[in-house]
Amino acid sequence: MFLLFSILKVAVVTVVLLTAVAYTVLLERKVVGRIQNRWGPSRVGPFGLLQPLADGIKLFLKEDLVPTGVYRPLYILAPVISLACALISIAVVPFGAVHRIKGVDVFQIADLNIGLLVILGITSVGVYGIALAGWSSNSKYSLLGSLRASAQMVSYELALGLSLVGVVLRASSLSLRQIVNSQTSTHGLLSWNIFGGFQFVAFLIYLTAAYAETNRAPFDMSEAETELTAGYHTEYSSMKFAMFFMAEYANMITVSCVATLLFLGGWTSPFGTLIPNFGGRFVTALLPLFWFALKVLFFLFLYIWVRGTLPRFRDDQLKSFGWKFLMPLAIANIVATSLWLAIRGH
């Protein structure tokens, strides 16, 4: 029974994540459309809600073209690596407080005491998919895009990791559940790391580095349509292209989940425990899930808003910003947090 529930939980989380990916694309097209004073998708289904289904059918039925001269094994493996890493990383993300059915925690696939390290490690491996895609495509544009992605990864991975050290120091744990529990109190949002933990600077560093890590505007240098014709996935079509597309949006969701857990109190209410949760056991179990989803949706909206607002950086500006500004600022935040904890006797 334990194995059956575990398999069911994995299947449900995978389906929910892929559905969220599809509708994040629709949300982006709608919001950017409003920013640019146009409607966005509105014809397929009521209010355009069936547009993701139509796009999926279109990509699935398109001819799968493979250019001559590609190194076929890595050309096929590259999108698989990108999507697999994007999907696996969600396995250690807790979506709500512990709620067990038949001994299985229904709101998390795997509860690891080093969950944060696992996410950082898996998402770091994802860049290999982009690098291999550019190299195996036998195209100068694709190769340039993959090289840019690799350099960008190195530039911002360090700043992103260092921005999380202050949160880990405050929680004294790498467990995502423990980090959320350290932000739980009657004070609500004043106990979250972004406010009560004095990690607002770390939050801004993480947010900026996350945009660069997921190759999103204004740091989408690995794609740069005006320069590289789409970058590392120029030579991909049909479902192979769709897998890269899905991986990008799945990574957006994972990054938003991690930001919610580390800085915004995870599934905890912004009102704390001062306002009791009215309702039965079912409502009490689902209310934390609602708060978690609302915070993740806020981060996704922020992603889209930034894309529709800011112009793309130059490649030299991107590297300089990462090494000369974000890195020193992240180190300074670690020093300040350590001194603050030492003064408090933590």
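The structure holds 1 cavity of 30 Å³ or more. The model is a predicted one. The volume of this largest cavity is about 430 Å³, and 30 residues line it, with T123, M153, E213, T214 and N251 nearest its centre. Two or more lining residues come from each of α3 (72-88), α4, α5 (127-136), α6, α9 (200-213) and α11. The biggest contribution is that of α11, with 7 residues. Sorted by class, the cavity lining has 18 nonpolar, 8 polar and 4 charged residues.

**Overall fold**

The chain is made up of 346 residues, and its radius of gyration of 21 Å agrees with the value near 20 Å that a compact globule of this length would have. Along the principal axes, the C-alpha atoms fill a box of roughly 60 × 50 × 45 Å. The secondary structure comprises 13 helices and 2 strands.

**Helix α4 against helix α6**

Two of the helices that line the cavity, α4 and α6, also pack on each other. Helix α4 spans residues 115-125 and helix α6 residues 140-163; their axes come within 12 Å and cross at roughly 175°. The pair is therefore roughly antiparallel. On the α4 side the contact involves L120, T123 and S124, which meet M153, E157 and L160 of α6. These contact residues divide into 3 nonpolar, 2 polar and 1 charged. T123 and M153 appear again among the residues nearest the centre of the largest cavity.

**Helix α1 against helix α11**

Helix α1 covers residues 2-35 and helix α11 residues 238-263; they pack at an angle of about 95°, with axes 9 Å apart. This crossing makes α1 roughly perpendicular to α11. From α1 the contact draws on L17, L18, A20, V21, T24, V25 and E28, and from α11 on F245, M246, Y249, A250, M252 and I253. By class, the contact holds 11 nonpolar, 1 polar and 1 charged residues.

**Pockets**

The two largest pockets are set out below.

| Pocket | Volume | Lining by class |
|---|---|---|
| Largest pocket | about 970 Å³ | 23 nonpolar, 5 polar and 11 charged residues |
| Second largest pocket | about 710 Å³ | 23 nonpolar, 1 polar and 1 charged residues |

The largest pocket is lined by 39 residues, and those nearest its centre are V25, L59, F241, F245 and Y249. Of these, V25, F245 and Y249 also belong to the contact of α1 with α11. The elements that supply two or more residues to this lining are α1, α2 (51-61) and α11. The largest share is that of α1, at 9 residues.

Around the second largest pocket there are 25 lining residues, and V13, V16, L17, F95 and L289 are the closest to its centre. L17 is also one of the α1 residues in the contact with α11. At least two lining residues come from each of α1, α11 and α12 (281-307). Helix α1 gives the most here, with 11 residues.

**Elements that recur**

Helix α1 thus takes the largest share of the lining of the largest pocket and gives the most to that of the second largest pocket. Helix α11 supplies residues to the largest pocket and to the second largest pocket, and it gives the most to the lining of the largest cavity.

Technical notes:
Residues numbered from 1 in each chain as written. Predicted model: local features only at pLDDT ≥ 70, side-chain atom pairs only at ≥ 80, totals over all residues. Heavy atoms only, no water. Axes fitted to C-alpha atoms, helices over the stretch in contact; angles between N-to-C directions. Helix = DSSP H or I, 4+ residues; strand = E, 2+ residues; numbered from the N terminus. Parallel < 35°, antiparallel > 145°, perpendicular 65-115°, else oblique. Contact = heavy atoms within 4.5 Å. Nonpolar A, V, L, I, M, F, W, Y, C, P; charged D, E, K, R; others polar. 1 Å grid on protein atoms, 1.4 Å probe; cavity = no way out; pocket = protein on both sides within 12 Å on 5 of 7 lines; lining within 4 Å. Points joined across faces, edges and corners; volume = space filled by probe spheres on them. Rg over C-alpha atoms; globule rule 2.2 N^0.38 Å.
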